[in-house]
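Colleague: Could you take a close look at one part of this model for me, the surroundings of ligand 2? I would like to know what lines the site and how the ligand is held in place among its neighbours.

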Amino acid sequence: MSALRVLSVAAEVYPLVKTGGLADVAGALPAALAAEDVRVVTLMPGYPATMKALERPTVAKRYAELFGGPARIVAGRAAGLELLALDAPHLFERHGNPYLGPDGRDWPDNAFRFAALSRAAADVARDGAGDFSPDVVHAHDWQAALAPAYLRYDGGPRPATVLTIHNLAFQGQFPADWLARLGLPPHAFALDGVEYYGTIGFLKAGLQMADRITTVSPSYAAEIMTPQGGMGLDGLLATRAADVVGILNGIDTAVWNPAGDPALTQAYSATRLAQRDKNRVALQRRLGLAEDPQAPLFGLVSRLTTQKGVDLIVEAMPTLLSLGGQLAALGTGDRALEGAMERAALAHPGRVGVLIGYDEELAHLVQGGADFLLVPSRFEPCGLTQLCALRYGAPPLVARVGGLADTVIDANEAAIEAGAATGIVFSPVDAQSYAAALRRAAALHRDPATFKRLRLNGMRADVSWRRPAGAYARLYRDLVATRTAR
Ligand code: ADP
Ligand code: GLC
């Protein structure tokens with residue numbers, strides 16, 4: 001069997017540019033797919049960090065004009081990936097967050113910026129780049145979702161297309177009068193085209209036109225077809241149900257490896273779990289917490305948003321404190337939630353430690369030092385931090401939604417007895433049941449033998465990309481085979 005060729009298209013790719021889990025996935029999946037005999041070339045915007053990291057760059061394609069300025073597609077390698085960077089300085093030569101300007105708002109030309117990414121993807125799909133021409137175009141999220149639309153309206157033969165939804169809350173909606181400026185024909189503004197409640201919907205277009213749709217957990221795949229979880233797209237998704245599949249994410253087990261993690265004070269593993277306590281102390285020191293060996297230490301590594309249920313953590317802070325607990329929190333996001341967390345830290349010195357910011361190293365120390373990781377999300381397509389927590393022996397305390405429900409096994413008595421439990425799962429997602437989950441966590445923490453088994457069960461779980469990569473490889477191959485057979 002010859003290697004299958006996949007063009008992966010994403011707006012962020014770890015370790016080059018990252019705001020969340022999308023980058024982790026786009027950065028780690030290619031290497032896992034290589035083991036499945038799939039060659040992945042990744043197309044991403046040529047942000048300053050991308051252009052700087054490119055090794056042995058060669059120009060694969062030139063545009064005299066692409067949405068307002070000249071552009072090139074530059075091929076090279078970076079961070080172990082085969083990369084194509086869309087070098088369009090008028091769109092991407094901007095430092096900091098890939099989506100937001102210095103005022104914290106979306107860049108006003110985001111429609112152009114990500115239409116350009118999709119346009120470039122469609123061009124590489126059809127014309128290739130260097131020695132590479134893809135069998136499959138795999139677009140991630142709304143920023144790449146116009147790629148199947150450009151391929152359709154260009155006409156002619158095209159590779160197969162897959163669209164992955166990482167978060168249905170971000171849909172890429174723009175006013176209808178952008179249609180011509182985005183290079184889309186008038187007839188594209190239709191129900192079976194890019195039209196979405198009177199606007200242009202990038203994600204909607206991709207969901208309409210991609211050959212297959214994936215999302216990042218089986219439970220989220222079911223949730224998004226319901227009015228409660230569909231965010232306006234449930235009707236469309238339901239009509240495409242036969243083409244929708246949920247494939248769980250993995251994590252990069254080389255980046256997330258407690259036995260060799262440079263961000264930790266002390267390496268440890270399942271057989272040397274006692275060593276882990278040194279990281280606990282290091283975390284307490286780092287966040288100004290009392291060096292209390294008894295307190296159940298709850299960790300948080302998260303965007304601070306209502307999606308992530310951070311308001312529940314604030315609301316139930318009295319419960320956490322009444323249990324003698326400590327909180328070590330790292331995150332950025334909504335100003336109001338950042339403020340609420342900072343006020344909690346000021347009100348409870350030594351008990352609540354908060355760092356508002358983005359800090360990869362501290363994220364690792366929280367995972368390697370906390371007793372439990374809090375993930376009380378209202379919805380969660382997959383979630384990666386609970387997978388890291390399993391591997392790092394910090395049993396996750398999670399809401400029973402989306403990928404959290406699919407990856408954490410609740411410590412009820414039967415599951416503990418069977419040696420299967422890996423964390424604490426609560427529902428419904430409200431402050432009362434979250435508080436009840438905190439009480440269960442504290443009780444488990446007071447029972448060292450059971451708590452240790454819970455930890456070890458999680459550390460043994462396979463959270464790597466091995467299985468998911470196999471599932472993606474099968475999906476690509478099936479899709480290519482069905483199209484050839486047609
Ligand atoms: P989402 O993509 O919805 O934010 P995920 O759980 O899929 O949620 O991925 C979040 C990723 O971002 C994880 O790798 C997590 O460690 C990381 N992360 C989130 N907030 C921070 C932060 N403040 N500092 C460092 N890493 C963070
Ligand atoms: C999104 C989701 C998160 C998921 C990540 C990677 O950001 O919010 O649940 O893990 O994408 O797929």
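Modeller: Happy to! Please keep in mind that this is a predicted model. By class, the shell around ligand 2 holds 6 nonpolar, 6 polar and 2 charged residues. There are 14 residues around the ligand, and those that come nearest are His166, Asn249, Glu380, Cys382 and Gly383. Among the elements, helix H1 (residues 21-34) gives the most to this shell, with 3 residues.

Some of the nearest residues also make polar contacts. In the side chain of His166, an N or O atom lies 2.6 Å from an oxygen atom of ligand 2. The backbone takes part as well: a polar backbone atom of Gly383 is 2.8 Å from a ligand oxygen, and for Cys382 a polar backbone atom is 3.0 Å from an oxygen of the ligand. Taken alone, ligand 2 exposes 310 Å², and the protein buries 92% of that.

As for where the site sits, domain 1 (4-250 + 466-485) and domain 2 (270-460) both give residues to the shell, so ligand 2 lies between them.

For another spot to look at, try the second largest pocket, with about 420 Å³ of space. It is lined by 17 residues, of which Asp277, Asp371, His445, Phe451 and Arg455 are the closest to its centre. Helix H10 (277-286) and helix H19 (448-460) are the elements that each give two or more residues to this lining. Its make-up by class is 6 nonpolar, 3 polar and 8 charged residues.

Conventions:
Residues are numbered from 1 along each chain as its sequence is written. Chains are lettered from A and ligands numbered from 1 in the order in which they are written. This is a predicted model: local features need pLDDT of at least 70, side-chain atom pairs count only at pLDDT 80 or more; totals for chains, interfaces and linings use all residues. Side-chain values use heavy atoms; hydrogens and water are left out. On a 1 Å grid over the protein atoms alone, a cavity is a set of points where a 1.4 Å probe fits but cannot get out, and a pocket is an open set with protein on both sides within 12 Å along at least five of seven lines; lining residues have an atom within 4 Å of a point. Grid points are joined across faces, edges and corners, and a volume is the space filled by probe spheres set on the points. Helices (H or I, at least four residues) and strands (E, at least two) are DSSP runs, numbered from the N terminus. Ala, Val, Leu, Ile, Met, Phe, Trp, Tyr, Cys and Pro count as nonpolar, Asp, Glu, Lys and Arg as charged, and the others, Gly among them, as polar. A residue is near a molecule or strand if one of its heavy atoms lies within 4 Å of it. A polar contact is a pair of N or O atoms within 3.5 Å; within protein, one must be able to donate a hydrogen and the other to accept it, and residues adjacent in sequence count only if both atoms are side-chain atoms. Accessible areas come from the Shrake-Rupley method with a 1.4 Å probe; for residues, only the protein chains shown count as cover. Domain bounds come from an automatic or database domain assignment.
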